[in-house]
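Trainee: I would like a close look at a single part of this structure, with its surroundings described in a connected way. Please begin with what follows that part and then work through it.

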Amino acid sequence: MVTLEDYGTFETAWCPGCGNFSILSAVKKALVGLGLKPHQVLLVSGIGQAAKAPHYIRANVFNGLHGRALPVATGAKLANPELTVIAESGDGCTYGEGGNHFLAAIRRNINLTLLVHNNQIYGLTKGQASPTTEEGRITKAQPQGVPSAPFNPLAVAVAMQAGFVARAFSGMADHLTDLIQQAVSHHGFSLIDILQPCISFNLVNTLAWYKKRCYALPDDYDPAQWEPAMKTAMEWGERIPVGVIYRNKRPSFEDHFPVLKQGPLVGRGVDQKKVKQILGSYA
Ligand SMILES: Cc1ncc(C[n+]2csc(CCOP(=O)(O)OP(=O)(O)O)c2C)c(N)n1
Ligand code: SF4
């Protein structure tokens, strides 16, 4: 039987009160709840405060370049589709530096889970605006206010008919754990945009600010309906919906590769003769 202890406990470099703590705890609980053992799981991140989360879990971990978690995660999943692959990073890392990879992962419908710790700011580099910071927000790097409109990852994902699109809030721990379990169990690309406070550099979107606004989607909400999902993805302001916004069953990227039907590539022997032939053709 797998337990929380199997996933380890580590000292972190985060500020006390940061939303990253409850996300980390929810990820561990979700994996234990799904009965997944640490060796069956790979967590891939980029760079940032959120990207440190996989450092604090005893499982397989790959820390890539800023914005590059998804290409690494995609390669790993193709090499070994038996691994549960989770890409986990901040809003800047995923929607800014990694923006095109975000679009490619949705199009491909690669069977992995993307957890975005969305604190609406660049935390590690001390408070510059990220793609999700609201227009007009004054920061140390944008003293006259952010001049661009915020990126809405959920609306983009729903517009592209992504497999599984959800929003969570780090202050609703059990709800978040449940969503992570649903996302990991979904066959295809799953996005959870997780709203989290950054107590040091985002003094507007605080825990209390989110608590006042976030509400769970009602039981009769149907995530299979595209048009209502698009409307729900656009809802932001005094009321912010959390839950599974859109769900769409379509074949995953790996399903298109007959070679993977014979089992994971990592488990196959290497035909040295063929390798020599291929290398020889480039000589
Ligand atoms: C290509 C590149 N650009 C910029 C940086 C500098 N950098 C490192 S972390 C970071 C911001 C991280 O913000 P976010 O992804 O939102 O995560 P958070 O720290 O808020 O959790 C930046 C700009 C970098 N390492 N590489
Ligand atoms: S700076 Fe913000 S995001 Fe980084 S650890 Fe502190 S509270 Fe968390």
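Mentor: The part in view is helix H1, and just after H1 comes Gly35, which has a positive phi, near 75°. The model is a predicted one. Helix H1 covers residues 20-33; because each residue should add 1.5 Å, its 14 residues should span 20 Å, and the 20 Å between its end C-alpha atoms agrees with this.

Turning to burial, the buried residues of H1 are Asn20, Ile23, Leu24, Ala26, Val27, Lys28, Ala30, Leu31 and Val32. Among the elements that cover the buried residues of H1 are strands E1, E3 and E4, together with helix H6 (173-185) and strand E6 (190-195).

The wider packing gives H1 its context. In the largest nonpolar core, which has 32 residues, those touching the most other members are Leu70, Leu114, Val165, Phe189, Leu191 and Ile245. At least two residues of this core come from each of several elements, including strand E1 (41-45), strand E3 (84-90) and strand E4 (113-118). Helix H5 contributes the most to this core, with four residues. Apart from this core lies another, of 30 residues, and Ile23 and Leu31 are among its members, as are Ala168 and Ile192. In soluble globular proteins, nonpolar side chains tend to be buried together.

For a single buried residue elsewhere, consider Ile106 in helix H4. Ile106 counts as buried because its relative accessibility is 0%. Beyond its neighbours within four places in sequence, Ile106 is in contact with Ala157, Met160, Ala162, Phe189 and Arg250.

Note on methods. Residues are numbered from 1 along each chain as its sequence is written. Chains are lettered from A and ligands numbered from 1 in the order in which they are written. This is a predicted model: local features need pLDDT of at least 70, side-chain atom pairs count only at pLDDT 80 or more; totals for chains, interfaces and linings use all residues. Side-chain values use heavy atoms; hydrogens and water are left out. A nonpolar core is a set of buried Ala, Val, Leu, Ile, Met, Phe, Trp, Tyr and Cys residues joined through side-chain atoms within 4.5 Å. Buried means under 20% relative accessible area, exposed over 50%, partly exposed in between (1.4 Å probe, protein chains only). Contact means heavy atoms within 4.5 Å. The expected span of a helix is 1.5 Å times one less than its number of residues.
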